[in-house]
Structures are given as C-alpha cells and as structure tokens.
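Let's read a structure together, one feature after another. Have the sequence and the 3D view open as we go.

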Amino acid sequence: MSSTTKLHDLKPLQFASEDTIQSAMKNISQIVGPDNMTVSKSELDNHSTDSSNFVPPKDHERPHCIVYPTSAEQVSQIVKICHDENIPVVPYSGGTAIEGHFIPTHRGICIDVSKMNKIVQLHEDDLDVVVQPGVGWMELNEYLEPYNLMFGPDPGPGAMIGGILATNASGTNAVRYGAAKDNVLSMTVVLADGTIIKTKNRPRKSSNGYNLTNLFVGSEGTLGIVVEATLKLHVKPKNEVIAMINFKSITDATKTVSGLFKSGITCNALEFMDDRQMLAISEMGTGGERTWSPHHLLLIKLSSPNLNSLNDVIKTVKDVGIENNGFNIEIAKDDETKEEIWRVRKTLLWNSLQWAKKVKPNATILPTDVCVPVSKLPELITKTMDRLNDADLLATAAGHAGDGNLHVLVIFEPDQAKVAHELINEMSKLAIELDGTVSGEHGIGVSDKRELLEQELGIETIDLMRTIKFALDKKGILNPDHIFKIDPSEDRHPFS
Ligand SMILES: Cc1cc2nc3c(=O)[nH]c(=O)nc-3n(C[C@H](O)[C@H](O)[C@H](O)COP(=O)(O)OP(=O)(O)OC[C@H]3O[C@@H](n4cnc5c(N)ncnc54)[C@H](O)[C@@H]3O)c2cc1C
C-alpha cells in the first residue's frame, strides 16, 4: 500500500438509496425530536446557498433534511446512523462561508450545530474558554467584554466557532492574533463513525504526539464534526487608536506595510482599500458622517499600555507613512469615530456587492482570496490591477495587507465571463509563483480553487490529504467533494 492515494485508483462513491435515507431520517428524528428536524424548502435552500452566492449550488444540491442536535452525544448518534447507512453528512454552523463550503453535492443530512451554543466554562486566569460550536464569535466577544478579554479571529458577521475552526478563518485581527489555528487549544470532535474524541487537554503547550487539533482546523467538515472547543483568549488592547493614511500609488501603500513591520511596531490590524473601493463607499453613501478621501487607504489599529509609548508608536507610523509618500494622516481616538471607521471596513463586502449591482445590474461578481509574503504584495496588487484594467474589467481591491492577503472583487458582464475567469485564474497562479497561496482565509469548498490547490501544493500533497481523508472517513460520507476530489467520476464545475 502506498503512502498517498491517487484519485484514479479510487472507486466512484456510492451512497444510500432514497428509501434508506427516508427511514434513517425517522430514526434521527427520534434522537433530536421532531422540532429539531426540518424539510422546509426555504431551510433546505438556506442551508445550501450562502448569501454571497459566489459559488451557487446546482438545482438538485439540497440536503434531504436539516437536523439541529443539542449535544455532542446526539451528533454522535446521528453520524453513527449515517455511517452505518452510507448517508452523506454536511456540518453547518453560521452559513457565512463563501466558497460553496456547505453545498451538499450528494445531498444527505445537514447537521446544523447552531443550537449547541453554550459557553461551557471561562478560565479567566488561564485566558481560555470552553465553548460549543454554535457560539458566534461576536456573541463570544460580547460575553467576554466585562472580563476585558477577546477572541482573536473576526471573520464574517454571523460566523460561529465550528465553522471558524473548520475553515481556519481569520479576519482583520490576524496580523496581531493569528488565524483560527493559532487560537485553539483543543477540540472535541465526532468522527465519521460516530466516535467522540478529544484532541488534548488545556495546557498552552504540549509535545504529546500528533497535533490532532490542527488536523481538524481547516478541514471544512471533511474529517469530523467539532462539538466543543477550548479557545485561547487575549486581553483587549489598551489605548487603541486607528491611523488612516492615504496614498496615490498602490506600491507606496504596500511598501508602507513592510516599512511598519521593519520598524518593529506591533499593529492590531493593518488593512488596505484601493481607490475603487473608496469610490464604492462614497457612491453607496455607506461611509457614515465622515468624508472619505477617494485615494488608496491604509487603516492601522495601534495600541500601547501607556499613552507615552502610544505616542511613540503613532510617531513611527506617521514617519513610515510620510517616507512612502502617504498623506491625509489622521489618528482616530474616540470610540464613536473608531466604531464608525471599523463598521465601514467590516461591511466592505456587502458594500461592494451592492455597488457592483448598481453600476452593472447584470454583472456577476467573483472574489479572490490570494495571500503572499508581505514583501511580494506590491507586485501582486499592481500586476493584478493592471491586468484587470487592460481587460476593461471593473474590480475593487481590499485586503488584510498586514498578512499579505488580498481580496479583489471582479465585476463582469455576461459577455466578459470567459476573460474574467481566466484573469482570476491568472491572479491565483501569480500568487503561487510569488510563494503564496490561493486561499489566505476563505478556504476551498467546491470552488475552482480545488484545481488550483494541486498547482500550489503539488499532486502528491493532495494525494496525501486524500489518504488522511479515507483513513478517518473510509466511506467518504463527511462533506464529500470539498477541498479536493474524492470520486474519480465526479466532474462538478462551479460555474456551469
Ligand atoms: C461579509 C463577510 C465577510 C467575511 N470576512 C471574512 C474574513 O475577514 N476572514 C475570514 O476568514 N472569513 C471571512 N468570511 C468568510 C466566513 O465568515 C468564514 O469562512 C467563517 O469561518 C465561516 O464560519 P461559519 O460559522 O459561517 O461556517 P459555515 O459557513 O456554516 O461552514 C463553513 C465550513 O465549515 C464546516 N463546518 C461548519 N460547522 C462545523 C463543525 N461544527 N464541525 C466541522 N465542520 C464544520 C462546514 O461544513 C463548511 O465546510 C466572510 C464572509 C462574509 C459573508
């Protein structure tokens, strides 16, 4: 037996018949109670389509039912039935993932963990918290507020811990606190046959064999279902301000990012928005009371335990900005202004989608999530935007510049579809050439990144992932087809 598993050596997946699934649903209903299972069409649609609709489900791709377990034991019993009967299982938390992550390509049962939403135990002195998977990151932060603590990752509003761990999500705070993988100490997981395992205890570090916690992080529901997690917490930054610096050139803005790192200061967030993004904000009137400059913008969150050292940090940021031709430097200090600025940043995706529909009502919109070493960011952004302009394609660019993570939203009319897809592909390939990745934080799902992943990591690495998948899930029931192909007869294309 070889160490890796080639796709062409596998047999096509075979799942249960309709009759078997209907009879399994009756048994599952007895486990969760009839109120915690639904076959309502609108719910089935909601649990197959995310609100961005970047990667839409095909007409037949709806689960047979959605179940809402309330405990790890219930999840285990449901999964055991599905395992015994060969029924696909798709885990679901907040439903905010945007790469077709929870599209049930083989239908089956959707397990929605949103009713498992208890904060089990806060260990204030250890800076960790034990939570169920249906706790939202925003609700968790509200709960932690009186303790002056916070959870690091801040992905889409509505995202929950189960989905955040399963996608290795991050957000604007990642430059300071890292991604989900850096913010989890241990997990309790239901495996494909219903076995419940805990990956480790709560110590900050351990050299206790395989790092199973991080095996499940980013596995997009394909290896197990997270039913509990112990998360690292952080003390909220003191004396936080937001620096805003405008630039006329993208290169100057991105060079400032490297300059800030080299200056040795710590940024709590370091975000970039291009001039087209700024135009979208002003044309949609979503920028609140403030007048936003139309130029490229860096938004930088800074803090320090005391005000004197904060002033030193601010001075360094101003110096680095000016060295790189930055202007309009403003430091937002009061809570209301800071909240308003950050609200605009956190709702950028919706703002751009609405703007795109306004300026091109028939347009389709596709995002990129490429991520490169920070020194390569100027080359990535300038080459990308030049190519889009040459092809006469409308696009906005924004990103977590401090992590080298760029989200370009490409907006195209039906007759531009071919060239738009080619260019998005080209951008991903450029990121790979620059020693980067096709996905900095959103994940792969069933998007066209599945194919690009082979180019990024090499076929052998994907073959190894396939070996791990089948070692843990012999029947391939857990979120089949996501991240990489596991069925040689599958020919799903995300956009046809
Ligand atoms: C407006 C907007 C902004 C966003 N901004 C960011 C951002 O800044 N950074 C970022 O990283 N992402 C961002 N995202 C993407 C999204 O928020 C993240 O991918 C998030 O982590 C998904 O969490 P969720 O709870 O919604 O998971 P879901 O969408 O429900 O599921 C995501 C995946 O996880 C699996 N899954 C769900 N629950 C479990 C479980 N309990 N066990 C195992 N697998 C499970 C699912 O099968 C699926 O494959 C954004 C999305 C939107 C809409």
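A: A word on names before we start: helices and strands are DSSP runs, a helix having at least four residues and a strand at least two, and they are numbered from the N terminus. Keep in mind, too, that this is a predicted model.

Q: Thanks. Where does Asn-148 lie in that scheme?

A: Asn-148 is in the loop between helix H4 (137–144) and strand S7 (149–150).

Q: What is unusual about the phi of Asn-148?

A: The general idea is that most residues other than glycine have a negative phi. Asn-148 is not a glycine, yet its phi is positive, about 60 degrees. Asn-325 is another case, with a positive phi near 65 degrees. Asn-325 sits in the loop between H10 and strand S15 (327–332).

Q: Are these two asparagines buried, partly exposed or exposed?

A: Here you need the cut-offs: buried means under 20% relative accessible area, exposed means over 50%, and partly exposed is in between. Asn-148 has 41%, so it is partly exposed. Asn-325, at 49% relative accessibility, also counts as partly exposed.

Q: How do I read an aromatic pair, and how many are there in the whole structure?

A: A pair of aromatic rings is described by the distance of the centres and the angle of the planes. A search of the whole structure finds two such pairs. In one of them, the ring centres of Tyr-92 and Phe-102 are 4.9 Å apart and the planes stand at 75 degrees, so this pair is edge-to-face. Tyr-92 belongs to strand S3 (residues 89–92) and Phe-102 to the loop between S3 and strand S4 (109–112), so the pair ties together parts 10 residues apart in sequence. Tyr-92 and Phe-102 are both buried.

Q: And what about Tyr-143 and Tyr-147?

A: Their aromatic pair is tilted, with 5.8 Å from centre to centre and 40 degrees between the planes. Tyr-143 has a relative accessible area of 32%, so it is partly exposed. Tyr-147 is partly exposed as well, at 33% relative accessibility.

Q: Let's turn to charges. How many salt bridges are there?

A: Side chains of opposite charge can pair when their charged atoms come close. The cut-off used is 4 Å, from a side-chain nitrogen of Lys or Arg to a carboxyl oxygen of Asp or Glu. By this rule there are 24 salt bridges. One to find in your viewer joins Asp-319 and Lys-315, at 2.8 Å from N to O. These partners are four residues apart in helix H10 (residues 307–323), so about one helical turn separates them. Asp-319 is partly exposed, with a relative accessible area of 34%.

Q: Which parts of the chain does the bridge between Lys-360 and Glu-413 link?

A: That salt bridge spans 4.0 Å, N to O. It links distant parts of the chain, 53 residues apart: Lys-360 is in the loop between helix H12 (348–359) and strand S16 (364–367), while Glu-413 is in the loop between strand S19 (405–412) and helix H14 (417–433). Lys-360 is buried, at 18% relative accessible area, whereas Glu-413 counts as partly exposed at 23%.

Q: And where are Glu-490 and Arg-450?

A: Their side chains meet in a salt bridge of 2.8 Å, N to O. This pair also links distant parts of the chain, 40 residues apart, with Glu-490 in the segment after helix H16 (459–472) and Arg-450 in helix H15 (residues 449–457). Both partners are buried. Salt bridges can share partners too: Lys-6, Asp-463 and Arg-466 are joined into one network that way.

Q: Which residues gather in a patch of negative charge on the surface?

A: Glu-289, Asp-334, Glu-336 and Glu-339 make up that patch. Glu-289 is in the loop between helix H9 (275–284) and strand S14 (296–302). With a relative accessible area of 76%, Glu-289 is exposed.

Q: Last one: is a loop residue such as Leu-393 buried or exposed?

A: Leu-393 is in the loop between helix H13 (377–390) and strand S18 (394–400). Its relative accessible area is 3%, so Leu-393 is buried. Gly-443, in the loop between H14 and H15, is buried too, at 9%.

How values were computed:
Residues numbered from 1 in each chain as written. Predicted model: local features only at pLDDT ≥ 70, side-chain atom pairs only at ≥ 80, totals over all residues. Heavy atoms only, no water. Patch = residues over 30% accessible without salt bridge, like charges linked within 9 Å, V, L, I, M, F, W, Y side chains within 5 Å. Areas by Shrake-Rupley, 256 points an atom, 1.4 Å probe, with all protein chains shown as cover. Lys, Arg positive; Asp, Glu negative; His and termini not counted. Charge placed at Lys NZ, Arg CZ, Asp CG, Glu CD. Buried < 20%, exposed > 50% of the residue type's maximum accessible area, 1.4 Å probe, protein only. Phe/Tyr/Trp six-rings, centres within 6.5 Å; stacked < 30°, edge-to-face > 60°.
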